[in-house]
Structures are given as structure tokens and as C-alpha cells.
Amino acid sequence: MIEETGRGQQKNLQSSTVTPRGPYVSVLADTQEKRESVREQLERILASSVFRNSRRYASVLRYIVERSLDGTAESIKERTMGIEVFGRAPDYDTSTDHAVRSAVAEIRKRLAQYYLDEGAEADLRIEVQPGSYVPQLRQAMDAAGAKVAHTWPGEMKEEVPASAADRSHRRPGIARVVYLALAIATLASAAVFLGRGKDPLESFWHPMFSSHDRILLCIGTLAGGHTTAPPGQDSRRDEQTITLKEFHKLERQTVHLADAITLARFAGLLDARAKSYQVESESEANFTDLQNGPAILIGLLNNEWTRRLVGKLRFAVEKPGPGKVLIRDRNDPSRNDWFVDYYVPYLEVTKDYALVLRVLDPKTDQMVVTAAGISVFGTLAAAEFLTDADQIQKLAAIAPQGWERMNLEVVLSTEVIRGKSGRPRIVATHFW
């Protein structure tokens with residue numbers, strides 16, 4: 001819950017902050033409606049010019065606000081933030097590593113800049129006081145001392161004192177327009193919220209993001225999951241004998257550019273939500289890594305962990321002939337048009353397919369999401385699908401009620417034009 005400040009702090013803040021709407025007082029986001037209102041204010045701040053181009057500071061601000069709203073403000077500490085937001089080791093030295101302190105200090109400056117410029121008319125403010133990492137929520141007062149500047153969803157405005165009411169009567173047209181605009185805005189926001197429900201992208205990722213464990217980003221390599229290789233290629237001989245030049249050429253250390261782009265998209269998604277993660281190649285990741293937390297698996301044929309997971313699900317991967325790779329629907333074995341021929345010149349490839357999964361892995365008891373194209377074009381399309389709210393909205397539109405909590409499989413197709421993948425398109429789904 002967002003922290004309430006004392007009166008002494010309030011006076012100090014007022015002396016150094018321009019507040020065109022009058023003094024601000026501390027309030028608590030103690031209802032779900034109020035918490036949603038705070039989140040709306042947070043999104044406006046993060047979309048402003050002082051935050052939208054800084055993923056690092058946006059991630060930290062989102063982290064501390066969400067922890068406060070979730071009622072876990074006690075966890076907002078320097079070491080915890082260092083581990084969960086910046087990916088530091090649990091035993092890192094906070095006396096020499098100032099990443100958290102520097103980031104929060106910069107956030108204070110940027111918030112002050114925001115409220116002096118784009119957010120000058122904001123009636124609800126999110127602030128971080130010096131000496132604290134816990135954000136505070138402050139609401140504007142009018143000159144008569146009444147909290148009338150902000151209408152919380154689901155609440156009536158507080159009664160305006162007579163003196164203030166008298167002033168309003170001098171300009172009835174303006175007052176009436178303001179109150180009417182506030183009422184319309186509140187009703188419109190409620191209608192949008194009730195009509196759309198939760199953000200579909202957040203709904204899709206919630207089973208994974210709700211975990212407090214670090215997320216594993218596991219990317220396929222050119223070794224393709226093989227632990228051995230033909231003579232003269234990538235052999236796993238004693239690490240002590242491998243030269244730096246040889247190390248740079250190891251297939252188990254090499255990824256395709258398209259898979260690297262996919263990895264970057266997921267890393268951006270996680271950074272924006274202040275989720276901690278680690279990156280491993282499929283060759284280096286082990287079963288314990290997958291047991292330790294949720295995982296995002298990138299690649300299909302070049303990622304052994306994806307192939308093992310897909311093996312017993314409805315949409316299976318088969319190789320019906322030399323160079324041909326097919327996604328087969330076990331409920332409709334006659335269908336055989338979701339395939340790619342690896343022997344076709346790559347500039348002549350016109351289509352690719354991908355498997356998107358969000359499942360609870362029965363072997364690790366952890367949530368797993370896959371971006372698994374038959375080739376890299378499909379993997380790129382899957383990454384776009386999984387990080388674009390508009391694309392997930394298309395899935396939500398055809399999904400059964402309660403899909404947010406279900407396991408699911410999605411088959412995607414994408415047009416390929418001269419080695420460039422197009423937008424993803426849903427061709428089949430399965431929920432359970």
C-alpha cells in the first residue's frame with residue numbers, strides 16, 4: 001500500500017515543489033478502485049518524455065509502485081531491488097554497487113521534472129521522498145483545504161466548503177463544465193474497463209509474471225541441442241584446452257540473428273515490468289535451471305527443451321521427408337499443409353509456421369512459454385505475437401472464458417517475402 005508521509009515531510013516538500021493546484025496531502029490507495037487510479041497515473045508518467053526513453057528508470061518506478069499497491073512495500077529494499085530489478089547476485093555488495101541508489105535518485109529528479117512540466121496539472125501525484133524507496137501518494141487540496149481536486153472511482157466528491165462554493169457561483173458555467181467533464185471521464189473510464197476487462201497482454205503473461213522467481217530465457221543455438229558433434233565440429237572437449245578463437249566458433253555458443261532479436265524483444269518485455277531474468281543457451285541450460293522458475297523457450301528445431309515439451313502435446317512436430325518439417329494436428333492427422341521445406345532457396349520461402357505454448361510443464365512444475373518457429377521467420381512472428389497487445393487481443397477474442405488461467409497452444413502462420421517475415425496470423429488453437 002502506498003506509504004503515508006508525516007506533516008513535517010509535507011512542509012519540506014511544499015517549500016521546494018511548485019504546486020499550481022495548491023498544497024498536497026498524503027492519501028492511501030486502500031481500495032481496488034483507488035489502486036487502479038494510481039496505476040493509470042503511473043502509466044501517464046511512464047509515457048511522458050522524461051521516462052518513455054529510459055527503460056531502466058521506468059522499470060524501477062513501476063517495480064516500487066506495484067509492490068506498494070500489492071501490499072508488499074516492506075520488500076522495497078536496496079538489496080531486494082538489486083536482485084529482482086537489476087539481476088544482481090543475492091550476496092552482492094551494496095556498499096560498492098550503487099545501482100539502486102543512483103536509479104532512485106534519478107527517478108526523484110525525473111518525477112520533479114514531470115510535475116513541473118507535463119504533469120503540472122495533475123491532481124494526484126506519485127512521489128519518492130529522499131531517504132526512502134517506498135513511493136508516496138499525494139492528492140491536491142483546494143485553497144479552502146478540501147480534497148476536491150481528484151475524484152476516486154466509485155466515490156462522491158467531498159463537499160466543498162461554503163467559501164469555495166461562493167467563488168464557484170461567480171463562474172457557474174466553468175464549474176458546471178468541469179464537474180460534468182469529470183463525471184463523463186469517470187463513466188467513460190469505467191465503461192472501457194468493464195467492456196475490455198484486463199489488458200490482454202498482461203492476462204496472457206500473468207501466470208508467468210505472478211511468480212517471484214527469476215525467469216529463464218533459453219535460446220536455441222546452432223548446435224541444435226546436440227551434446228556431441230561430428231569430428232572437426234563443435235566437440236565438448238575439456239574446457240581447459242579450448243582457445244579463445246575456438247570458443248568464439250563453438251556452435252553451442254552461437255545463435256541466429258533472428259533468435260537474438262526475439263531474445264531482445266522478450267528482454268524488453270521483462271525489463272519494462274521489472275521482472276528479473278537470466279539468459280542461457282539451450283545447450284548450457286540444464287533441468288535444474290528449468291525447475292528453478294518460469295521459462296521462455298526460443299526456437300524449435302534448435303532448442304532441445306522446446307522439442308521435448310512439444311513432443312506429447314496436440315500439435316506435434318514431424319519430419320515427413322528430407323528437409324521437410326511439419327506441424328501436425330493430432331486431432332486431424334490428415335492435415336499436412338503447415339510445413340516448411342528446408343531445401344528451398346531461402347529467398348523463395350513464402351510461408352513459415354510457429355508454435356506458441358503457455359503451459360505448466362508437468363516435469364518441472366513451472367510455467368513455460370515458447371516462441372518456436374519451424375524456421376527463424378516463424379520464431380520472429382511468434383515473438384511479435386507474444387509482445388503485442390493487439391495480437392494477444394485477437395487470441396482473447398476467440399478464446400474460451402477463463403483462458404487466462406488455462407494451458408494453451410497456438411499455431412501461427414506468417415507470410416515471408418524475400419527473407420523477411422510478416423505479421424503473425426492465428427491458424428489453430430487449443431485450450432485446456
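Okay, let's start inside: the largest nonpolar core here has 38 residues, and Phe51, Leu61 and Met81 are the ones that touch the most other members. Keep in mind that we're looking at a predicted model. Which elements give two or more residues to this core? Those are α2 (32-46), α3 (55-69), α5 (99-116) and β2 (124-127).

Let's zoom in on Leu61. If you skip its neighbours within four places in sequence, Leu61 is in contact with Leu42, Ile45, Leu46, Phe51, Ile107 and Leu111. And there's a second core to look at: apart from the largest one lies another, with 33 residues, including Leu270, Ile298, Met367 and Ala371. As background, nonpolar side chains in soluble globular proteins tend to be buried together.

Now, on to the sheet. It's an open one made of seven strands, and if you walk across it you go β5-β4-β6-β11-β10-β12-β13, with mixed pairing. At the edges sit β5 (277-281) and β13 (420-431), each of them pairing on one side only. On average, neighbouring strands in this sheet are turned by 15° against each other, ignoring direction.

What packs on the sheet? That's helix α10, residues 257-272, which touches β4 (215-219), β5, β6 (295-298) and β11 (366-373). The direction of α10 makes about 170° with that of β4.

One last pair of strands to find on your screen: β10, residues 351-361, and β12, residues 408-417, run antiparallel to each other and pair over eight bridges. If you want a spot to click on, take Leu355, whose bridge partner in β12 is Val411.

Definitions and conventions: Residues numbered from 1 in each chain as written. Predicted model: local features only at pLDDT ≥ 70, side-chain atom pairs only at ≥ 80, totals over all residues. Heavy atoms only, no water. Pairing = 2+ DSSP bridges. Helix = DSSP H or I, 4+ residues; strand = E, 2+ residues; numbered from the N terminus. Axes fitted to C-alpha atoms, helices over the stretch in contact; angles between N-to-C directions. Contact = heavy atoms within 4.5 Å. Core = buried A, V, L, I, M, F, W, Y, C linked by side-chain atoms within 4.5 Å. Buried < 20%, exposed > 50% of the residue type's maximum accessible area, 1.4 Å probe, protein only.
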